Amino acid sequence: MSSISQLIQDVKRLAVKAVEISGGGEPTVYPYLGDIITGLNSIDVDVAMISNFLNIPESLWKAIGGLRWVRVSLIAMTAEEYHKITGNPRDFFVKACNNVLEYIERFRANCYISATIMIDEREFNNEKIVSVFDFASYLHLDQIFFKLVYDKFRPKAISSYIDINLDLCESLEDEYMIKTNLRKLFSNEHSEYVTKDSGVVCSYISRGSSLLVTADGNCYGCLEHFASKIKPYGNINKQSLVDIISQSNDIKNQLYCHACSHCRVWSIRQEYEKFLETGLRQLCYDPHSNFL
Ligand code: SF4
(Lines give C-alpha, C1' and ligand atoms only; values in the text may rest on other atoms or scores of the structure.)
Protein backbone atom coordinates (compact mmCIF):
# COMPACT_ATOMS: atom_id res chain seq x y z
CA MET A 1 0.00 0.00 0.00
CA SER A 2 1.40 3.40 -0.88
CA SER A 3 1.96 5.88 1.92
CA ILE A 4 -0.84 8.14 0.67
CA SER A 5 -3.38 5.30 0.67
CA GLN A 6 -2.14 4.36 4.14
CA LEU A 7 -2.63 7.93 5.31
CA ILE A 8 -6.16 8.07 3.90
CA GLN A 9 -6.99 4.78 5.67
CA ASP A 10 -5.60 6.17 8.93
CA VAL A 11 -7.65 9.35 8.59
CA LYS A 12 -10.72 7.16 8.15
CA ARG A 13 -9.86 4.98 11.16
CA LEU A 14 -9.35 8.09 13.29
CA ALA A 15 -12.80 9.39 12.20
CA VAL A 16 -11.33 12.71 11.12
CA LYS A 17 -13.96 15.06 9.67
CA ALA A 18 -11.83 17.78 8.09
CA VAL A 19 -8.24 18.18 6.93
CA GLU A 20 -6.49 21.45 6.23
CA ILE A 21 -3.47 21.34 3.96
CA SER A 22 -1.19 24.20 4.93
CA GLY A 23 1.96 25.42 6.50
CA GLY A 24 5.70 25.55 6.08
CA GLY A 25 5.69 25.41 2.28
CA GLU A 26 3.47 25.76 -0.75
CA PRO A 27 1.21 22.69 -1.09
CA THR A 28 0.70 23.04 -4.87
CA VAL A 29 4.35 22.15 -5.54
CA TYR A 30 3.80 18.73 -3.94
CA PRO A 31 3.30 16.29 -6.82
CA TYR A 32 0.78 14.10 -4.97
CA LEU A 33 -1.46 16.90 -3.71
CA GLY A 34 -4.24 15.96 -6.16
CA ASP A 35 -4.18 12.32 -4.97
CA ILE A 36 -4.49 13.44 -1.36
CA ILE A 37 -7.45 15.75 -1.98
CA THR A 38 -9.23 13.16 -4.12
CA GLY A 39 -8.49 10.38 -1.60
CA LEU A 40 -9.86 12.44 1.31
CA ASN A 41 -12.94 13.41 -0.69
CA SER A 42 -13.56 9.71 -1.38
CA ILE A 43 -13.96 9.07 2.38
CA ASP A 44 -16.18 12.18 2.83
CA VAL A 45 -13.60 14.32 4.59
CA ASP A 46 -13.88 18.09 4.06
CA VAL A 47 -10.59 19.43 2.76
CA ALA A 48 -9.20 22.97 3.07
CA MET A 49 -6.02 24.44 1.69
CA ILE A 50 -3.90 27.52 2.26
CA SER A 51 -1.95 28.39 -0.88
CA ASN A 52 -0.33 31.27 -2.73
CA PHE A 53 -2.26 30.18 -5.86
CA LEU A 54 0.72 31.03 -8.05
CA ASN A 55 1.32 27.73 -9.73
CA ILE A 56 -1.64 25.50 -10.38
CA PRO A 57 -0.74 22.87 -12.98
CA GLU A 58 -3.55 21.88 -15.34
CA SER A 59 -3.55 18.37 -13.83
CA LEU A 60 -4.36 19.81 -10.39
CA TRP A 61 -7.36 21.96 -11.33
CA LYS A 62 -9.88 19.09 -11.22
CA ALA A 63 -8.71 17.87 -7.80
CA ILE A 64 -8.76 21.31 -6.17
CA GLY A 65 -12.40 21.55 -7.21
CA GLY A 66 -12.93 19.09 -4.31
CA LEU A 67 -11.84 21.65 -1.70
CA ARG A 68 -14.44 23.07 0.68
CA TRP A 69 -12.41 26.06 1.89
CA VAL A 70 -9.46 27.86 0.36
CA ARG A 71 -7.37 30.65 1.79
CA VAL A 72 -5.21 32.35 -0.80
CA SER A 73 -2.14 34.19 0.51
CA LEU A 74 -2.65 37.21 -1.71
CA ILE A 75 -0.87 39.36 0.91
CA ALA A 76 -1.67 42.71 -0.71
CA MET A 77 -4.17 44.60 -2.84
CA THR A 78 -1.80 45.85 -5.52
CA ALA A 79 1.21 44.40 -7.32
CA GLU A 80 3.34 47.18 -5.86
CA GLU A 81 2.37 46.47 -2.24
CA TYR A 82 2.79 42.74 -2.88
CA HIS A 83 6.31 43.30 -4.16
CA LYS A 84 7.14 45.53 -1.19
CA ILE A 85 5.98 43.01 1.41
CA THR A 86 7.12 39.74 -0.19
CA GLY A 87 10.04 40.78 -2.42
CA ASN A 88 8.46 38.65 -5.20
CA PRO A 89 8.03 39.99 -8.75
CA ARG A 90 4.92 42.13 -9.30
CA ASP A 91 3.49 39.81 -11.99
CA PHE A 92 3.18 37.03 -9.40
CA PHE A 93 0.41 39.06 -7.82
CA VAL A 94 -1.46 39.37 -11.12
CA LYS A 95 -1.09 35.63 -11.68
CA ALA A 96 -2.49 34.79 -8.23
CA CYS A 97 -5.49 37.13 -8.74
CA ASN A 98 -6.23 35.58 -12.15
CA ASN A 99 -6.09 32.09 -10.65
CA VAL A 100 -8.53 33.16 -7.92
CA LEU A 101 -10.94 34.48 -10.56
CA GLU A 102 -10.63 31.27 -12.57
CA TYR A 103 -11.14 29.14 -9.46
CA ILE A 104 -14.26 31.09 -8.57
CA GLU A 105 -15.66 30.75 -12.05
CA ARG A 106 -15.18 26.97 -11.99
CA PHE A 107 -15.93 26.04 -8.39
CA ARG A 108 -17.87 28.83 -6.74
CA ALA A 109 -20.72 26.57 -5.62
CA ASN A 110 -18.64 24.08 -3.61
CA CYS A 111 -16.14 26.15 -1.73
CA TYR A 112 -15.65 29.15 0.56
CA ILE A 113 -12.87 31.30 -0.79
CA SER A 114 -10.88 33.58 1.41
CA ALA A 115 -7.70 35.62 1.05
CA THR A 116 -5.06 36.80 3.47
CA ILE A 117 -4.36 40.51 3.25
CA MET A 118 -1.52 42.00 5.28
CA ILE A 119 -1.67 45.63 6.35
CA ASP A 120 1.04 47.70 7.93
CA GLU A 121 -0.04 48.48 11.48
CA ARG A 122 0.60 52.22 10.85
CA GLU A 123 -1.91 52.20 7.96
CA PHE A 124 -4.58 50.13 9.64
CA ASN A 125 -7.53 52.52 9.64
CA ASN A 126 -11.18 52.59 8.57
CA GLU A 127 -10.39 53.94 5.11
CA LYS A 128 -7.95 51.11 4.42
CA ILE A 129 -10.45 48.53 5.58
CA VAL A 130 -13.09 49.85 3.17
CA SER A 131 -10.57 49.56 0.31
CA VAL A 132 -9.88 45.92 1.26
CA PHE A 133 -13.61 45.16 1.10
CA ASP A 134 -13.79 46.77 -2.36
CA PHE A 135 -10.87 44.66 -3.54
CA ALA A 136 -12.32 41.46 -2.07
CA SER A 137 -15.65 42.19 -3.70
CA TYR A 138 -13.95 42.59 -7.09
CA LEU A 139 -12.44 39.11 -6.62
CA HIS A 140 -15.80 37.68 -5.40
CA LEU A 141 -14.26 36.47 -2.14
CA ASP A 142 -16.37 35.07 0.70
CA GLN A 143 -13.92 35.90 3.46
CA ILE A 144 -10.96 38.15 4.22
CA PHE A 145 -8.29 37.12 6.66
CA PHE A 146 -6.53 40.26 7.88
CA LYS A 147 -2.99 40.09 9.21
CA LEU A 148 -0.78 42.84 10.51
CA VAL A 149 2.66 43.69 9.23
CA TYR A 150 4.36 44.90 12.38
CA ASP A 151 6.65 47.86 12.49
CA LYS A 152 8.17 46.04 15.44
CA PHE A 153 6.89 43.27 17.64
CA ARG A 154 4.58 44.63 20.34
CA PRO A 155 3.93 42.18 23.13
CA LYS A 156 0.56 43.58 24.19
CA ALA A 157 -3.05 43.41 23.10
CA ILE A 158 -3.32 44.72 19.56
CA SER A 159 -6.47 46.71 20.35
CA SER A 160 -4.50 48.98 22.67
CA TYR A 161 -2.71 50.78 19.86
CA ILE A 162 -4.82 50.52 16.72
CA ASP A 163 -7.95 52.58 16.40
CA ILE A 164 -10.56 51.14 14.07
CA ASN A 165 -14.31 51.13 14.27
CA LEU A 166 -15.37 47.51 14.69
CA ASP A 167 -19.05 48.41 14.27
CA LEU A 168 -18.19 49.86 10.86
CA CYS A 169 -16.38 46.60 10.04
CA GLU A 170 -19.46 44.59 10.92
CA SER A 171 -21.71 46.77 8.80
CA LEU A 172 -19.26 46.34 5.91
CA GLU A 173 -19.43 42.57 6.39
CA ASP A 174 -23.23 42.73 6.02
CA GLU A 175 -23.14 45.14 3.10
CA TYR A 176 -20.53 43.22 1.10
CA MET A 177 -21.57 39.76 2.42
CA ILE A 178 -17.94 39.00 3.22
CA LYS A 179 -16.82 37.57 6.57
CA THR A 180 -13.58 38.66 8.23
CA ASN A 181 -11.51 37.95 11.31
CA LEU A 182 -11.39 41.64 12.28
CA ARG A 183 -13.22 41.46 15.59
CA LYS A 184 -11.14 38.48 16.59
CA LEU A 185 -7.92 40.15 15.51
CA PHE A 186 -8.60 43.26 17.56
CA SER A 187 -10.16 41.49 20.46
CA ASN A 188 -8.72 41.65 23.94
CA GLU A 189 -9.19 37.88 24.02
CA HIS A 190 -5.79 37.74 22.41
CA SER A 191 -4.18 39.08 25.58
CA GLU A 192 -5.07 35.90 27.43
CA TYR A 193 -2.30 34.21 25.49
CA VAL A 194 0.16 37.03 26.01
CA THR A 195 -0.27 37.00 29.77
CA LYS A 196 -0.74 33.25 30.24
CA ASP A 197 1.89 31.66 32.46
CA SER A 198 4.55 29.89 30.50
CA GLY A 199 6.00 26.63 31.73
CA VAL A 200 2.72 24.78 32.12
CA VAL A 201 1.63 21.75 30.13
CA CYS A 202 -0.33 22.92 27.12
CA SER A 203 -3.92 21.68 27.33
CA TYR A 204 -4.37 21.89 23.55
CA ILE A 205 -1.39 19.65 22.93
CA SER A 206 -2.05 17.30 25.83
CA ARG A 207 -5.47 16.53 24.31
CA GLY A 208 -3.72 15.59 21.07
CA SER A 209 -5.41 18.40 19.15
CA SER A 210 -2.50 19.31 16.94
CA LEU A 211 0.19 17.58 14.92
CA LEU A 212 3.05 19.28 13.13
CA VAL A 213 4.81 17.24 10.44
CA THR A 214 8.19 18.58 9.35
CA ALA A 215 9.78 18.03 5.94
CA ASP A 216 11.74 14.98 7.18
CA GLY A 217 8.50 13.31 8.29
CA ASN A 218 9.00 13.83 12.03
CA CYS A 219 5.80 14.60 13.96
CA TYR A 220 5.54 17.12 16.79
CA GLY A 221 2.72 18.59 18.83
CA CYS A 222 3.39 22.10 17.56
CA LEU A 223 6.21 24.49 16.69
CA GLU A 224 7.06 24.92 20.37
CA HIS A 225 7.56 21.16 20.72
CA PHE A 226 9.82 21.16 17.64
CA ALA A 227 11.83 24.17 18.90
CA SER A 228 12.29 22.75 22.40
CA LYS A 229 14.11 19.74 20.91
CA ILE A 230 12.03 17.18 22.79
CA LYS A 231 11.94 13.95 20.81
CA PRO A 232 9.22 13.72 18.12
CA TYR A 233 6.16 11.52 18.52
CA GLY A 234 7.29 9.49 15.52
CA ASN A 235 7.94 9.70 11.80
CA ILE A 236 5.21 9.65 9.18
CA ASN A 237 7.54 8.10 6.59
CA LYS A 238 8.13 5.06 8.81
CA GLN A 239 4.95 4.63 10.84
CA SER A 240 1.22 4.90 10.42
CA LEU A 241 -0.59 7.97 11.71
CA VAL A 242 -2.59 5.78 14.08
CA ASP A 243 0.64 4.40 15.63
CA ILE A 244 2.18 7.85 15.93
CA ILE A 245 -0.84 9.26 17.70
CA SER A 246 -1.10 6.30 20.06
CA GLN A 247 2.56 6.57 21.03
CA SER A 248 2.40 10.36 21.54
CA ASN A 249 0.83 10.07 25.02
CA ASP A 250 4.06 9.80 27.01
CA ILE A 251 5.62 12.79 25.25
CA LYS A 252 2.71 15.22 25.05
CA ASN A 253 2.22 15.36 28.80
CA GLN A 254 5.77 16.68 29.17
CA LEU A 255 5.29 19.54 26.71
CA TYR A 256 5.56 22.71 28.75
CA CYS A 257 4.84 25.74 26.65
CA HIS A 258 7.24 28.66 26.82
CA ALA A 259 5.97 30.52 23.78
CA CYS A 260 2.27 31.07 24.31
CA SER A 261 2.40 34.68 23.22
CA HIS A 262 3.73 33.50 19.85
CA CYS A 263 1.33 30.57 19.57
CA ARG A 264 0.50 29.99 15.90
CA VAL A 265 -2.79 28.31 16.74
CA TRP A 266 -4.07 30.65 19.46
CA SER A 267 -7.38 31.39 17.77
CA ILE A 268 -8.23 27.75 17.03
CA ARG A 269 -7.03 26.71 20.44
CA GLN A 270 -9.23 29.30 22.12
CA GLU A 271 -12.34 28.27 20.19
CA TYR A 272 -11.65 24.61 20.89
CA GLU A 273 -11.39 25.30 24.62
CA LYS A 274 -14.71 27.15 24.52
CA PHE A 275 -16.24 24.15 22.74
CA LEU A 276 -14.94 21.76 25.40
CA GLU A 277 -16.31 23.98 28.18
CA THR A 278 -19.77 24.46 26.68
CA GLY A 279 -20.21 21.45 24.39
CA LEU A 280 -21.54 23.90 21.78
CA ARG A 281 -20.18 24.60 18.33
CA GLN A 282 -20.35 28.36 17.99
CA LEU A 283 -19.50 30.59 15.10
CA CYS A 284 -16.77 33.05 15.98
CA TYR A 285 -15.08 36.01 14.32
CA ASP A 286 -12.52 33.88 12.57
CA PRO A 287 -13.46 32.15 9.29
CA HIS A 288 -10.49 29.81 9.69
CA SER A 289 -11.63 28.53 13.10
CA ASN A 290 -15.18 28.28 11.81
CA PHE A 291 -14.12 25.92 9.02
CA LEU A 292 -12.37 23.63 11.49
S1 SF4 B 1 2.79 27.22 21.18
FE2 SF4 B 1 0.53 27.09 21.36
S3 SF4 B 1 -0.02 24.95 20.90
FE4 SF4 B 1 2.21 25.04 21.26
S5 SF4 B 1 2.46 24.46 23.40
FE6 SF4 B 1 2.33 26.74 23.31
S7 SF4 B 1 0.14 27.31 23.58
FE8 SF4 B 1 0.31 25.08 23.10
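**Group meeting: a walk through the model**

Okay, let's start with the overview: the chain has 15 helices and 11 strands. Keep in mind as we go that this is a predicted model. The chain runs to 292 residues, and 28% of them are buried. Now, about contacts: if you take those with a separation of 6 or more, 67% are between residues 24 or more positions apart.

Let's zoom in on some strands. Have a look at β4, which covers residues 112-120, and β5, which covers residues 143-149. How do β4 and β5 run relative to each other, parallel or antiparallel? They're parallel, and 7 bridges join them. If you want a spot to click on, try Thr116, which sits opposite Phe145 in β5.

So what goes with those two strands? That's helix α6, residues 126-138, and together β4, α6 and β5 form a β-α-β unit that is right-handed.

Stay with β5 for a moment, as it also pairs with β6, a strand at residues 179-180. That pairing is parallel too, with 2 bridges. Here the residue to find is Gln143, whose bridge partner in β6 is Lys179.

Last stop, the ligand. How many residues surround it? The count is 13, and the closest are Cys202, Cys222, Glu224, Cys257 and Cys263. And what's the shell made of, by class? You get 10 nonpolar residues, 1 polar and 2 charged.

To recap the strand part: β5 is joined to β4 by 7 bridges, and to β6 by 2. That's my tour, thanks everyone.

Conventions. Residues are numbered from 1 along each chain as its sequence is written. This is a predicted model: local features need pLDDT of at least 70, side-chain atom pairs count only at pLDDT 80 or more; totals for chains, interfaces and linings use all residues. Two strands pair if DSSP finds at least two bridges between them. Helices (H or I, at least four residues) and strands (E, at least two) are DSSP runs, numbered from the N terminus. A crossover is right-handed if, with the strands pointing away from the viewer, the path from the first strand over the helix to the second runs clockwise. A residue is near a molecule or strand if its C-beta atom, placed from the backbone, lies within 6 Å of it. Ala, Val, Leu, Ile, Met, Phe, Trp, Tyr, Cys and Pro count as nonpolar, Asp, Glu, Lys and Arg as charged, and the others, Gly among them, as polar. A residue is buried if 20 or more other C-beta atoms lie within 10 Å of its own, exposed if 12 or fewer, and partly exposed in between; C-beta atoms are placed from the backbone. Two residues are in contact if their C-beta atoms, placed from the backbone, lie within 7 Å.
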